[in-house]
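Please open the structure in your viewer and keep the sequence panel beside it, since each stop on this tour asks for a new selection.

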Amino acid sequence: MKNSKRMLVIDQLNLFFRNYIVNPSLSLNGQPIGGLKGCIQSLQKIVRESKPDMIVVCWDGAGGSRKRKLIKKDYKAGRKPIRLNRGIRNLSEHEELENKIWQQTRLVEYLNQMPVVQFMFDSTEADDVIGYVTQHPRFKDWQKLIVSSDKDFFQLLNEHTVLMRPVQKEVVNRKILLDKFDIHPNNFAIARAIVGDKSDNLDGVPGLGLKTVARRFPFLRSEQAATVDDLIEHCEKQLEEKDIKAYQNVVDHRQVVERNYKMMQLYAPMLTVSSKKEINATLDSPDNTFNRTEVIKMMLQDGFGETNFSEIFQHFNKICVDNS
């Protein structure tokens, strides 16, 4: 694997919010630019450490996942808005929202000037795009580094794919995941389907966390992907010998597990045919041009032209040369 190419796949909104919340940078006119500037600084750090041959940035599309909301109407509803982590605020709530949108839009403009592939589709989550890209046959033998703090990506880990979690300051591969949770990536989605995810309004089976799931369903450690039928069959066999509440709860909540798995799994991403075609076409012929002059001009306009980005600029030039 030492000579294989490496792809960086970024859950961009996840990375943006991490920087937006904690980075106190202001523009020359006093406007917050921490999300924008911090993202480019984070990208430079990640590129320095990973030295990728290709960078793919995936954004959540407007409206979130339409397909998941058709399954459960209140999916991800009621989440508190992301706010600046500041003791002193110089913007009203409305101004803060406008500024946050501007920073995200401006970041897209920056990345458009860089040798970076960007994907954003309305009514589609970045998770599905990331799942599709990392499993794309064109990059079967490439090393893939997913950048996100989201546990949903544990299910995509394999011999070629690892997850960098910047907030947790950890890199997770298949072995680390197995050692920590005793659950194989191929079965992590179904394990989480049992547990549920409160942050997404997905209730799980009462009384079961990941540790209990791993203990009660030891076959989830196997590489063989388990099904809901396998879970129920195991529960029914165990219940014949001993009345254990955890097994009965899974049997009683079978429909919940089936629904959660359908919504959580990324092995078969929820993408439209047209989105898949666009991703395929873009990956076949990525635009690897780098407009350094325009990027520097934009940085000067936005008030952080003094920051040293020479490392990432050099790597962008290498990507351009290698793909020319």
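## A cavity among three helices

Begin with the second largest cavity, to whose lining H1, H2 and H4 each supply at least two residues; bear in mind throughout that the model on screen is predicted. H2 gives the largest share of this lining, 3 residues. To see the walls, select Ile10, Gln12, Leu15, Cys39, Ile40, Leu43, Leu107 and Leu111, which line the second largest cavity, and whose classes come to 7 nonpolar, 1 polar and no charged residues. The enclosed volume is about 40 Å³, and the structure holds 2 cavities of 30 Å³ or more.

## Where H1 meets H2

Keep two of these helices in view by selecting H1 (residues 12-22) together with H2 (residues 34-50). Their axes come within 8 Å and cross at roughly 115 degrees, and the crossing of H1 past H2 is right-handed. On the H1 side of the contact, show Gln12, Leu15, Phe16, Arg18, Asn19 and Tyr20, and on the H2 side Gly34, Gly35, Leu36, Gly38, Cys39 and Ser42, which these H1 residues meet. Coloured by class, the contact between H1 and H2 has 5 nonpolar, 6 polar and 1 charged residues. Gln12 and Leu15 of H1 and Cys39 of H2 belong to this contact, and these three residues are also among those that line the second largest cavity.

## From H1 to the sheet

Add strand E1 (6-11) and strand E2 (54-58) to the selection, and H1 will be seen to lie across both, running at about 65 degrees to E1. Which order do the strands of the sheet follow? Read across, the order is E3-E2-E1-E4-E5-E6, in an open sheet of 6 strands with mixed pairing. At the edges are strand E3 (117-119) and strand E6 (170-172), each of which pairs on one side only. Neighbouring strands of this sheet are turned by 20 degrees against each other on average, direction ignored.

For a closer look at one pair, select strand E4 (residues 143-147) and strand E5 (residues 161-165), which run parallel and are joined by 4 bridges. Within this pair, Lys144 stands opposite Thr161 in E5.

## The second largest pocket

Thr161 leads on to the next selection, as it is one of the residues nearest the centre of the second largest pocket, along with Thr134, Gln135, Leu156 and Asn158. This pocket has a volume of about 360 Å³ and is lined by 18 residues, which divide by class into 4 nonpolar, 9 polar and 5 charged.

## The largest pocket

Next, centre the view on Leu13, Phe17, Asp60, Arg79 and Ile82, which are the closest to the centre of the largest pocket among the 44 residues that line it. About 1,400 Å³ of space lies in this pocket. Which elements give two or more residues to its lining? They are H1 and helix H4 (93-112), and H4 provides the largest share, 8 residues. H1 and H4 thus come into view again, having each supplied at least two residues to the lining of the second largest cavity. The two linings can be set side by side by class: the largest pocket has 14 nonpolar, 10 polar and 20 charged residues, whereas the second largest cavity has 7 nonpolar, 1 polar and no charged residues.

## The largest cavity

Clear the selection and pick Arg68, Tyr75, Glu125, Asp127, Asp152, Asp200, Leu202, Met263, Met264 and Leu266, which line the largest cavity. About 70 Å³ of space lies inside, and the lining residues divide into 5 nonpolar, no polar and 5 charged.

## A last stop at Thr289

Finally, go to Thr289, which sits in the loop between helix H12 (273-284) and helix H13 (292-302). Which residues does Thr289 contact, leaving aside its neighbours within four places in sequence? With those neighbours set aside, Thr289 is in contact with Gln113, Met114, Pro115 and Cys320. A distance label can be drawn to Ser324 as well, for Thr289 and Ser324 are 35 residues apart in sequence and 9.1 Å apart in space, C-alpha to C-alpha.

Conventions
Residues numbered from 1 in each chain as written. Predicted model: local features only at pLDDT ≥ 70, side-chain atom pairs only at ≥ 80, totals over all residues. Heavy atoms only, no water. Pairing = 2+ DSSP bridges. Axes fitted to C-alpha atoms, helices over the stretch in contact; angles between N-to-C directions. Contact = heavy atoms within 4.5 Å. Left-handed = near helix turned anticlockwise from the far one by under 90°. Nonpolar A, V, L, I, M, F, W, Y, C, P; charged D, E, K, R; others polar. 1 Å grid on protein atoms, 1.4 Å probe; cavity = no way out; pocket = protein on both sides within 12 Å on 5 of 7 lines; lining within 4 Å. Points joined across faces, edges and corners; volume = space filled by probe spheres on them.
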